[in-house]
Amino acid sequence: LSAAGVDIYEKIGHGPDSSRLAATRRDLARAQGGLGNQAAALATFERLERDLAGNTELHTIILGRNVSYAMALLQDGRPDDAIAVLRAAGDYNTRILGDRHYNTAESRGFLGAALARKGDLAGARDHFKAAVPILLAPSRAVDEEDGGSSGRDGRLQHILEAYIAVLAALQTPDAAAESFRLADAIRGQSVQRALAASSARASASDPALAELVRQEQDAQKQVSSLQGMLTNALVSPTDQQDPAALRTLRGQIDTLRAARAKVREEIERRFPDYVNLIDPRPATVDQARKALRPDEALIATYVGREQTIVWAVPHTGPVAFAATSATKVDIGRMVAELRKSLDPNAVTLGDIPAFDVELANKLFTLLLQPVEAGWQGAKSLLVVPHGSLGQLPFSVLVTTPAPIPADREGEALFASYKNVPFLAKTASISQLPSVASLGSLRALPPPHGERQAFIGFGDPWFSPQQAVEASRETQVAQLQTRGARGLMQTRGMPLVRRNAPSTQNIDSAELAQLPRLPDTADEVRSIALALKADPIKDVFTGREANERRVRSMDISNRKVVMFATHGLVPGDLNGLTQPALALSAPNVADIDGDGLLTLDEVLALKLNADWVVLSACNTATGDGAGAEAVSGLGRAFFYAGTRALLVSNWPVETTSARELTSDLFRRQAQDSTLSRAEAMRQAMVGLIDGPGYIDPDSRQAVFSYAHPIFWAPFSLVGDGGGAAPNN
């Protein structure tokens, strides 16, 4: 819909008081609001107000009980006007649809938000308590035919965020636990839609599940169609409505809903893992605590439009719960500033900006210090990030104020960062895509059967030109130095980092435009050697790192599975609508397919792995979409059968990345009691405290790896526990 289109519609024969034109303008305003453009939505609604000023009945139908109009009024600072509309909407929906219908609960939830805006926190809480259980109920119990739409997701987020703010302000005894559950319901809604959209592909390998999913989806589509007919009929003036036809429509809808509910119950009973993937229930504090081990604490975050809230759940003891005035914009700005030195446009070592130690400490003070009572003493922190926080590893936060390090002559470049009190020095960090995922991962049975150590795919060729280039190479170019260097000479050394896709700002992009990653072949081989795997039989590079190889091989007997290639987000390539991993082009590998391992194809994999390594992702891609892509791919790999992911957050420097990943797996292989998270922490601290890059001729340290750009590019996503991958 567009405003111009509506104007044309008016000119071809529908006057401003036409019910059909008014409904079209209403839909335009809804679309504008759903896209977050509340100013445009309000302007469209205000034009409707003028057009319908003389038509009382049509004004009541189009605007008088319109929840989207109430939202626009609320955003415009007119809570009294919004309350009047919302009360009318609630009364109408109760009479027409029933007290427990989704639309009725939604109007009541917005009424709570409007009352909260006026300062009536107790009244708001009462409305939220009545509405939210219906809004979050399983889809078999409520009308969620269009529940996957971004518009409805946005409205639900608005209600839940307002409820969380009320709970934070009231600080009642149950506030921490209730707000914790609500925040888990909000996070990752776009990821949830992507996973749900891939559900049919994921279920295809089980005919019984596939048939039930098809029945459930068919019933959903039929209900949605009939509901649309009913809504259109109710828009007409009362004297033009056919009561008998309306009763018939409602009866058909109720029958289909009941049938869909029965199918849904059957799916949940027979395939609980599938339901937990596509429609997970929000986790409670008690559920999270039961999954924790004695030396662990869970840190959950929610970044809202007006405040940021943090929960710290210890293994035993009370939950620490704090709200800060830092907004979504504030947190996003701080994360972006810190990433400037982690993902810079740097050509040489001297181009790497200083890491903002002061800002990293400020973020620690905002997020973790207020809830320190809930995590103090824990050796392992399990972090559920939200929003832009998913783009920044918590390991780089600085626990106490420290001066910005200054390089000194005679000392290796970046060596001064060795003394910075990074959080990585005191606690291991694991990242979770949701609170609920912890319980699911901890409930997995122990690995079964005989398993081989490793399989890895790297350095795919995305075009015939890259294949020709690779065939001419005698060796992969590596960072080299000649002779001892002073500080100024070192600063001029090239910074060799992996190329990242740069397709967001162009109109059309194909697989062949992705840059090659030749150094990933060495990284895959180095991990194979660390795990005593066979570099010939267990490593696939070049044209062999292709989609058919991955999907046709039995990789269910591997402890570590590695994909050293680009992680893509929707829009990176033409027609790409879901997260994907880029593999060798079909015209290079001489196979069918598109050269991509998409999210739905990951869901169809069969794994029994301790780790999946994704070593060329970028969590900042696409204005934060990269973090969501990692979350979606993570959920998909967990469903396929892995316990943890090792994911890169920005284009890594080649030598330090290879040393970090190799050391991580080497440590686990040598110590069977070492958890994944602690092995990761030790490998990072080893880079910080280690000698750094050693000149191969002089055997002297040229630059240190203590700057976070070198030691912090990887995040452990999933279960940070577990023993060594060869046990």
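**Reading a predicted protein model**

Student: How does Asp 81 count here: buried, exposed or partly exposed?

Tutor: With a relative accessibility of 37%, Asp 81 counts as partly exposed. Keep in mind as we go that this is a predicted model.

Student: Which residue forms a salt bridge with Asp 81?

Tutor: Here is the general idea. Side chains of opposite charge can pair when their charged atoms come close. In this structure the partner of Asp 81 is Arg 78, and their closest N and O atoms are 3.2 Å apart. Arg 78 is also partly exposed, at 27% relative accessibility. The pair belongs to a network of salt bridges that links Glu 46, Asp 76, Arg 78 and Asp 81.

Student: Which residue does Glu 106 meet in a salt bridge?

Tutor: Glu 106 meets Arg 155, at 2.9 Å from N to O. This pair links distant parts of the chain, since Glu 106 sits in helix H7 and Arg 155 in helix H9, 49 residues apart. Both Glu 106 and Arg 155 are buried. The count for the model comes to 35 salt bridges.

Student: Let's try a helix. Which residues of H17 are buried?

Tutor: First, the general idea. An α-helix has 3.6 residues a turn, so residues three or four places apart point the same way. In H17 the buried residues are Ile 331, Met 334, Val 335, Leu 338 and Arg 339. Looking down the axis, you would find these buried residues within an arc of 135 degrees, so they line one face of the helix. The face turned away from them carries the exposed residues Val 329 and Arg 333.

Student: What do the buried residues of H17 pack against?

Tutor: They pack against strands S1 and S2 and helix H18.

Student: How far apart are the end C-alpha atoms of H17?

Tutor: They are 16 Å apart, which agrees with the 16 Å that its 12 residues should span at 1.5 Å a residue.

Student: Which elements have the lowest and the highest mean pLDDT?

Tutor: A word of caution before the answer. Where pLDDT is low, the predicted coordinates should not be read in detail. Helix H1 has the lowest mean, 43, and H18 the highest, 97. Residues 474-489 also have pLDDT below 50, although the model gives this stretch 36 contacts beyond near neighbours in sequence. For the protein chain, the mean pLDDT is 83, with 84% of residues at 70 or more.

Definitions and conventions: Residues numbered from 1 in each chain as written. Predicted model: local features only at pLDDT ≥ 70, side-chain atom pairs only at ≥ 80, totals over all residues. Heavy atoms only, no water. Helix = DSSP H or I, 4+ residues; strand = E, 2+ residues; numbered from the N terminus. Expected span 1.5 Å × (residues − 1). Buried < 20%, exposed > 50% of the residue type's maximum accessible area, 1.4 Å probe, protein only. Arc of directions from axis to C-beta. Contact = heavy atoms within 4.5 Å. pLDDT = per-residue confidence, 0-100. Salt bridge = Lys/Arg side-chain N within 4 Å of Asp/Glu carboxyl O.
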